[in-house]
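Thanks, everyone. I'll put the structure up and talk through the fold, one helix and the core.

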Amino acid sequence: MDTEMLTFFVDEIKQIRNSMTVSISSLIETKLADSSKFEEVGQMVDRIYGTAATLGLTEISEYTKAVKDVSYMASASENEAGKKKVLKFLIKYVELSDLICESIFDKKELSKINLQLKIEKSKANLLNQREFFSVQKKSCAIE
């Protein structure tokens, strides 16, 4: 894979990570009162999902799609317990995004991270099924 493209992707992840931490901090400060922050995070992760899919980084794209979906579903739900779980999930995403950036140029290290991403994707799917089974929203609302 082209090193220049991967460098661009890493820069994009880092830029979005910084914006996400602001949204996550806001969720914590407001005790999850502003559900639109979940949608904001979903929109940010959607950018990473699109780039990962374009670059053929399957595990990263599938994981970020799961993060995007769970974020949008939390934004449309009144389930407080589910939102708290999503918040923890998003904090884990920030940690994993750092690992992705560190390992993306090393295929052996990336394969280790990909295994972790598959596990986290499964957790997101379970979270969606258990906490947000009645929510249909999986993308942002277009007005």
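Of the 143 residues of this protein, 45% count as buried. Keep in mind that this is a predicted model. The accessible surface comes to about 7800 Å², and carbon and sulfur atoms account for 52% of that.

On overall dimensions, the C-alpha atoms fill a box of roughly 45 × 30 × 25 Å along the principal axes. Does the radius of gyration point to a compact globule or to something else? What we can do is compare: a compact globule of 143 residues would have a radius of gyration near 15 Å, and the protein has 15 Å, so the two agree.

Now the fold. There are five helices and zero strands, and the pattern along the sequence reads α-α-α-α-α. As for how the chain meets itself, take the contacts between residues at least 6 apart in sequence: 78% of them join residues at least 24 apart.

Let me take H1 next. How far apart are its end C-alpha atoms? They are 39 Å apart; at 1.5 Å a residue, the 27 residues of H1 should span 39 Å, so the model agrees with the expectation. At the start of this helix, a side-chain oxygen of aspartate 2 comes to within 2.9 Å of the backbone nitrogen of glutamate 4. After H1 comes lysine 31, with a positive phi near 55°.

Which residues of H1 are buried? They are Leu6, Phe9, Val10, Glu12, Ile13, Ile16, Met20, Ser23, Ile24, Ser26 and Leu27. Notice that Glu12, Ser23 and Ser26 are in that list. The spacing has a general background: an α-helix has 3.6 residues a turn, so residues three or four places apart point the same way. The cover over the buried residues of H1 includes H2, H3 and H4.

That brings me to the largest nonpolar core, which has 40 residues. The members that touch the most other members are Phe9, Leu57, Ile60, Val86, Tyr93 and Ile104. Helices H1 (3-29), H2 (36-55), H3 (58-75), H4 (80-103) and H5 (107-131) each supply at least two residues of this core. Which helix gives the most? H4 does, with nine residues.

Last, isoleucine 60, one of those well-connected members. Leaving aside neighbours within four places in sequence, isoleucine 60 is in contact with Phe9, Ala52, Ile100, Ile104, Leu110, Asn114 and Leu117. Phe9 and Ile104 in that set are also among the core members touching the most others.

Technical notes. Residues numbered from 1 in each chain as written. Predicted model: local features only at pLDDT ≥ 70, side-chain atom pairs only at ≥ 80, totals over all residues. Heavy atoms only, no water. Core = buried A, V, L, I, M, F, W, Y, C linked by side-chain atoms within 4.5 Å. Buried < 20%, exposed > 50% of the residue type's maximum accessible area, 1.4 Å probe, protein only. Helix = DSSP H or I, 4+ residues; strand = E, 2+ residues; numbered from the N terminus. Contact = heavy atoms within 4.5 Å. Expected span 1.5 Å × (residues − 1). Polar contact = N/O pair within 3.5 Å; in protein donor to acceptor, adjacent residues only side chain to side chain. Rg over C-alpha atoms; globule rule 2.2 N^0.38 Å. Areas by Shrake-Rupley, 256 points an atom, 1.4 Å probe, with all protein chains shown as cover.
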